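Hello,

Here is the structure I promised to pass on to you. Have a look at it first, and then read on for my notes.

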Amino acid sequence: MDIIDTHAHLWLTQDTVVGGQPIRQLTGNRSRSEFFGEERQMLPPFMVDGRNSAEVFLSNMDYAQVAAAVITQEFIDGLQNDYLETVGRQYSNRFFVFGMADWRQAGFYDEAATLLRRGFRGLKVPAARLPKEFLHDGDFRRVLALMAAEDAILGIELHDGDCQTGMMEEIISDFPTLRIVIGHFGMVTRTGWLSQIRLARHPNVYIDSGGITWLFNSEFYPFPSAIRAIQEAADCAGWEKLMWGSDYPRTITAITYRMSYDFVTKSAELTDSQKQMFLGDNARRLFGFQELVSLPYIKNMSE
């Protein structure tokens, strides 16, 4: 089975400000997050230098037999365009990388246009951290028109529930060829999450499950409620519209990287065909991965 992770993060350092709160590397492998209001473990403990590098991720991917990954961005990581441009070029057969303009600042249209010229084939918008009306912004609509013309992919996370789905319906209608990926499985544990999933009934809209193990963390592995949510989303939008995402590396502070998907492969509730679509086929088609690496299973010393 070819497995592709559609929601992961990379950075070499965290040093940014979100909502007026600094987020930066502390000692060892810790960083402070403004939305937790306290010191939180942002990286697994083996990353002792605070670097969440492509090489460490590739080692995890090889071990877990994940052939390729989509690298997204988030304000809490800081803008990572320069590093991700290098990663995308160096490991073009393993990674699809999203660029991200600073949508909070004036002049983001020029920044977005520059990122597309630099070769980014997708742009990420963490809309959940922007004013709800941002989706109506005139310059943002200009960016969307440019992305549609360049056949770039829009990655976006929305405010919880349905407060932005009407605006997204307008965007989908105005830019019917723009391919869109809605992240975090519509924030599946929040009220009204299916309103975001329903957007994927449109032919150009897809859903990634990045963070689903975080959202069901209180239940923990093997996440039976997550399996039921995946089935419910498939009933709503179709299996061909759903894609697995890990939200690496934050999620593997609680579980291993392989555990972030093998609760799907081990589920008796899903068919082999459904698993293959969710774990790899849909992502391969959307993001254009061609020659995927072959990653045979290597036994552990404990086996």
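Where does Phe-185 lie? Phe-185 sits in the loop that runs between strand E10 and helix H6. Please keep in mind as you read that this is a predicted model.

That loop is a good place to begin. Phi of Phe-185 is near 50 degrees, a positive value in a residue other than glycine. Its neighbour in the discussion, His-184, is also placed in the loop between E10 and helix H6 (193-197). For His-184, phi is near 60 degrees, again positive although the residue is not a glycine. Are these residues buried or exposed? Phe-185 has a relative accessible area of 0%, so Phe-185 is buried. His-184 comes out at 12% relative accessibility, and because the cut-off for buried is under 20%, His-184 counts as buried too.

Next, the sheet. E10 belongs to an open sheet of 5 strands, which run in the order E8-E9-E10-E11-E12 with parallel pairing. Why do E8 and E12 each have a side without a neighbour in the sheet? Strand E8 (122-125) and strand E12 (242-243) stand at the edges and have a single partner strand each, so one side of each is left free of a neighbour in the sheet. As a general point, strands of a sheet pair through backbone hydrogen bonds, in either a parallel or an antiparallel way. Here, strand E10 (residues 179-182) pairs with strand E11 (residues 205-208) in the parallel sense, over 3 bridges. If you would like to find one of these pairings on screen, look for Ile-182, whose bridge partner in E11 is Ile-207.

You may also want to look at the cis peptide bonds listed here:

- Tyr-221 and Pro-222 are joined by a cis peptide bond, with omega about 10 degrees. Pro-222 is in the loop between helix H7 (212-215) and helix H8 (224-237).
- Tyr-248 and Pro-249 are joined by a cis peptide bond as well, with omega about 5 degrees. Pro-249 has its place in the loop between E12 and helix H9 (259-265).

Finally, a side chain in helix H8. Which side chain does Ser-225 meet in a polar contact of 2.5 Å? Ser-225, found in helix H8, makes this polar contact with the side chain of Glu-219. Leaving aside neighbours within four places in sequence, Ser-225 is in contact with Phe-216 as well as Glu-219.

Happy to go through any of this with you whenever it suits.

Best wishes

Notes. Residues numbered from 1 in each chain as written. Predicted model: local features only at pLDDT ≥ 70, side-chain atom pairs only at ≥ 80, totals over all residues. Heavy atoms only, no water. Pairing = 2+ DSSP bridges. Helix = DSSP H or I, 4+ residues; strand = E, 2+ residues; numbered from the N terminus. Buried < 20%, exposed > 50% of the residue type's maximum accessible area, 1.4 Å probe, protein only. Polar contact = N/O pair within 3.5 Å; in protein donor to acceptor, adjacent residues only side chain to side chain. Contact = heavy atoms within 4.5 Å.
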